[in-house]
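Welcome to this structure! Here is a short, friendly set of notes to read alongside it, one stop at a time.

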Amino acid sequence: MTLIAETTEQEMDPRLREILQGTAGVARRPIPTDTSASKGSSAYQVHTYPTKVPPGAIEPFILASTEPDSLVLDPFCGSGMTGLAALNTGRRALMSDLAPGAVHLAHNHSHPVRPTIIAAAMAALTTSLMETEIALYASNCPTCGRLERLRHQIWTDVHSCDRCREPIRVWDQKTQSGSSSRTLTCGHCGNEQTRSGVTGVLSKPAEKAVACGSCRTLQRGPADEHDLALLTSVAQRPVTRWMPKVPLGPDREMYRRSALHLRNIKEVADFWNRRSQLALSELWHYIATQADPTVRSALTFAFTNTAWHATRMRRYNAFGGQRPLTGTLYIPQLVAEGNVFEIFRHQVAQVSRFYATHPAAEHADGGIDKAFARQSSATDLSWLPSSSVDYVFTDPPFGANLFYGDCNVVWESWLGDVTDLTEEIVVNKSLPMASGGKSLADYEKLLSGAFSEVRRVLAPGARASVVFHNADDKVWSALLGATNHAGLAQTDVSVLDKVQRSMKGYKGRSGAELVPFFDLVITFTADSNVKAQNLNGADKVALAAIRRHLGSLPEGNKNEVTDQRSLEYLYSLAIGAVIASDTKLTGLSFKALEEILQKNFIAKGRHYYLH
Ligand SMILES: C[S@@+](CC[C@H](N)C(=O)[O-])C[C@H]1O[C@@H](n2cnc3c(N)ncnc32)[C@H](O)[C@@H]1O
Ligand SMILES: [Zn+2]
Ligand SMILES: [Zn+2]
């Protein structure tokens with residue numbers, strides 16, 4: 001389909017023009033009823049982003065609704081996993097997002113750079129920055145004394161005893177797994193006190209780890225005199241290179257939820273200690289002044305993830321694999337400060353590995369470019385002609401669970417631009433309306449605008465699949481109200497299992513708003529005769545569907561715990577059944593369903609069985 005003349009933009013980007021030309025049209029094969037894909041793929045792990053959908057879970061949906069070379073759009077593209085799924089299946093991809101950081105990721109996930117180019121660039125970078133690295137991270141092996149480079153330095157919160165004023169290190173109070181209890185016990189006088197909600201807590205070096213060439217493995221020991229002297233001198237060095245200075249305060253929801261006022265965070269730069277600031281700003285200066293745009297692009301991709309991993313958010317984990325908690329801005333009591341250059345080398349290696357088997361690798365050698373990402377609000381797709389898109393697969397923000405603009409600011413700010421929060425589609429009840437608060441009605445209105453645009457750009461007969469999850473029936477109703485208003489009629493409901501997703505970090509401030517483990521994919525088509533919704537009780541439809549489902553599972557023994565009997569699964573199943581029967585969702589919250597289940601079935605913990 002070629003409808004380029006219709007676009008309202010005067011000057012269309014030539015890359016967009018090329019992608020829009022000669023697409024292959026829509027297909028209407030059966031939609032999969034459920035998909036799952038693991039988060040273990042290299043594509044999934046290249047860069048952090050909250051709530052990524054693994055490309056493997058998206059591909060069956062694309063295959064069902066398009067032909068090779070058809071055009072797939074994701075107007076809430078986030079890290080760009082839909083684009084990658086489109087390329088993996090030989091389709092073309094258009095992606096947009098409000099967040100500049102998301103567009104950076106969507107572009108880099110879909111535009112590989114040859115690993116040989118990256119390797120040459122890294123060799124030059126290592127030579128050029130070796131002295132800086134040694135000046136910041138030289139450290140002696142705690143076992144054999146050999147002069148090496150630091151791998152990481154643990155920092156511990158140090159409280160002062162309420163009774164005897166002696167210092168209490170959280171490091172000394174941790175359990176074997178590295179977690180720490182809410183209560184601290186003074187090692188000097190035995191006094192017990194709480195550690196939460198306390199301001200002005202000091203952070204001091206505890207254990208360090210050095211990769212020793214002579215001892216061969218990672219060697220751990222306390223920071224020695226040399227380490228402490230180095231830290232003192234580093235703390236006095238000013239940062240002379242550019243760093244992002246975006247102010248941060250309680251006007252951001254995640255600032256409040258993560259209690260950052262207790263951590264003395266006033267601007268983005270405060271997320272790094274002085275050593276990390278010096279290292280990151282030198283590294284950024286080096287990357288930004290590279291002449292070759294391809295090299296700059298690949299290194300920037302590795303850099304933004306490095307910046308995130310180098311923050312004070314990086315949690316100590318006794319079992320290794322230290323990382324910040326995705327979807328929050330939380331600064332823990334025990335921070336694992338990494339060697340910025342070491343983290344960067346690791347990220348570059350990940351990017352190279354991913355690019356080595358990338359579906360668009362031939363583009364890096366001059367083939368046609370099948371992916372295009374740009375920054376825009378989903379409520380305004382005027383850069384796209386009407387009826388130009390063969391399929392939409394998208395994952396819009398879901399209610400008040402995640403604040404993408406706030407979570408991304410830490411690494412996004414290095415790109416020189418941050419998300420415009422006034423446009424962000426989210427429910428924010430803790431801020432007054434005048435200063436950025438958004439009600440559920442605002443959320444539904446913004447989503448309506450986005451889905452109206454989706455409907456406008458869809459080709460006749462094309463489908464749109466929407467990933468969604470929420471534990472609150474009112475948020476579900478807002479989503480369905482928005483699609484209804486836009487004239488989209490639901491045709492299929494499927495279950496999507498993002499295997500191994502952790503529930504941690506997805507709790508609301510009260511801890512009440514759990515996000516189900518299973519997402520639903522609701523598929524729509526444009527339809528002017530959207531059916532009126534059935535007002536018959538959602539609870540009855542849900543109960544019948546769950547009874548049918550539990551009856552279809554193998555009998556098994558009553559102690560058997562399977563995902564398909566879990567509260568999270570049954571909630572997704574219930575919501576799916578209610579949507580599929582065109583019944584209004586009223587009253588079907590996560591909590592309400594739990595009560596229904598407890599009344600009607602045998603509960604073993606959070607798993608349910610027929611009587
Ligand atoms: C659930 S995430 C998408 C994640 C994506 N599926 C992935 O695999 O990375 C929702 C996205 O919507 C974006 N968003 C929020 N408000 C928006 C708006 N008005 N227009 C476009 N995108 C918006 C957020 O920045 C976020 O990236
Ligand atoms: Zn050694
Ligand atoms: Zn004491």
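1. A good place to begin is Pro55, which lies in helix H3. This is a predicted model, so please read every value below as computed from it. Pro55 is buried, because 24 other C-beta atoms lie within 10 Å and 20 or more are enough for that label. If you look for Ala545 from here, you will have some way to go along the chain: the two residues are 490 apart in sequence, and their C-alpha atoms are 29 Å apart in space.

2. From helix H3 (55–65), follow the chain into the loop that leads to strand E2 (71–74), where you will find Asp69. Its backbone deserves a glance: phi of Asp69 is positive, near 75°, and the residue is not a glycine. Most residues other than glycine have a negative phi. As for its surroundings, Asp69 counts as partly exposed, because it has 14 C-beta neighbours inside 10 Å.

3. Next comes Ser96, placed in strand E3 (residues 92–97). Is Ser96 buried or exposed? With 23 C-beta neighbours inside 10 Å, Ser96 counts as buried. It also has a partner from elsewhere in the sequence: Ser377 is 281 residues away along the chain, yet the two C-alpha atoms are 7.6 Å apart in space.

4. Now please turn to ligand 1. How many residues surround ligand 1? There are 22 of them, and the closest are Gly78, Ser79, Met81, Leu98 and Asp395. By character, the shell around ligand 1 is made up of 12 nonpolar residues, five polar ones and five charged ones.

5. Helix H7 (residues 225–235) holds Leu231. This leucine counts as partly exposed, since 16 C-beta neighbours are found inside 10 Å. Leu231 and Pro205 are separated by 26 residues in sequence and by 9.2 Å in space, C-alpha to C-alpha.

6. Another positive phi waits in the loop between helix H8 (253–257) and helix H9 (274–288), at Asn264. Phi of this non-glycine residue is near 60°. Asn264 is exposed, because 11 other C-beta atoms lie within 10 Å and the label applies at 12 or fewer.

7. Helix H9 itself has 15 residues and reaches 21 Å from its first C-alpha to its last, close to the 21 Å expected at 1.5 Å a residue. The helix is mostly covered, with 11 of its 15 residues buried. Among them are the charged residues Arg275 and Glu282, along with Leu278, Leu280, Leu283, Trp284 and Ile287.

8. For a pair of helices, look at H10 (residues 293–309) and H11 (residues 340–356), which pack with their axes 8 Å apart and at an angle of about 130°. That angle makes H10 oblique to H11. The crossing of H10 past H11 is right-handed.

9. Glu412 sits in helix H13 (residues 404–412). Which label does its environment earn? Glu412 counts as buried, because it has 27 C-beta neighbours inside 10 Å. Trp308 is 104 residues away along the chain, and the C-alpha atoms of Glu412 and Trp308 are separated by 9.3 Å.

10. Helix H14 (residues 440–457) has 18 residues, and its reach of 26 Å from first C-alpha to last is close to the 26 Å expected at 1.5 Å a residue. Its buried residues include Glu444, Glu453 and Arg455, and also Tyr443, Leu446, Leu447 and Phe451.

11. The tour ends at helix H17 (residues 567–580). This helix has 14 residues and reaches 20 Å from its first C-alpha to its last, close to the 20 Å expected at 1.5 Å a residue. Why is H17 described as largely enclosed by the rest of the structure? The reason is that 12 of its 14 residues are buried. Tyr569, Leu570, Tyr571, Gly576 and Ile579 are among the buried ones. After H17 comes Asp582, whose phi is positive, near 60°.

Note on methods
Residues numbered from 1 in each chain as written. Chains lettered and ligands numbered in written order. Predicted model: local features only at pLDDT ≥ 70, side-chain atom pairs only at ≥ 80, totals over all residues. Near = placed C-beta within 6 Å. Helix = DSSP H or I, 4+ residues; strand = E, 2+ residues; numbered from the N terminus. Expected span 1.5 Å × (residues − 1). Axes fitted to C-alpha atoms, helices over the stretch in contact; angles between N-to-C directions. Parallel < 35°, antiparallel > 145°, perpendicular 65-115°, else oblique. Left-handed = near helix turned anticlockwise from the far one by under 90°.
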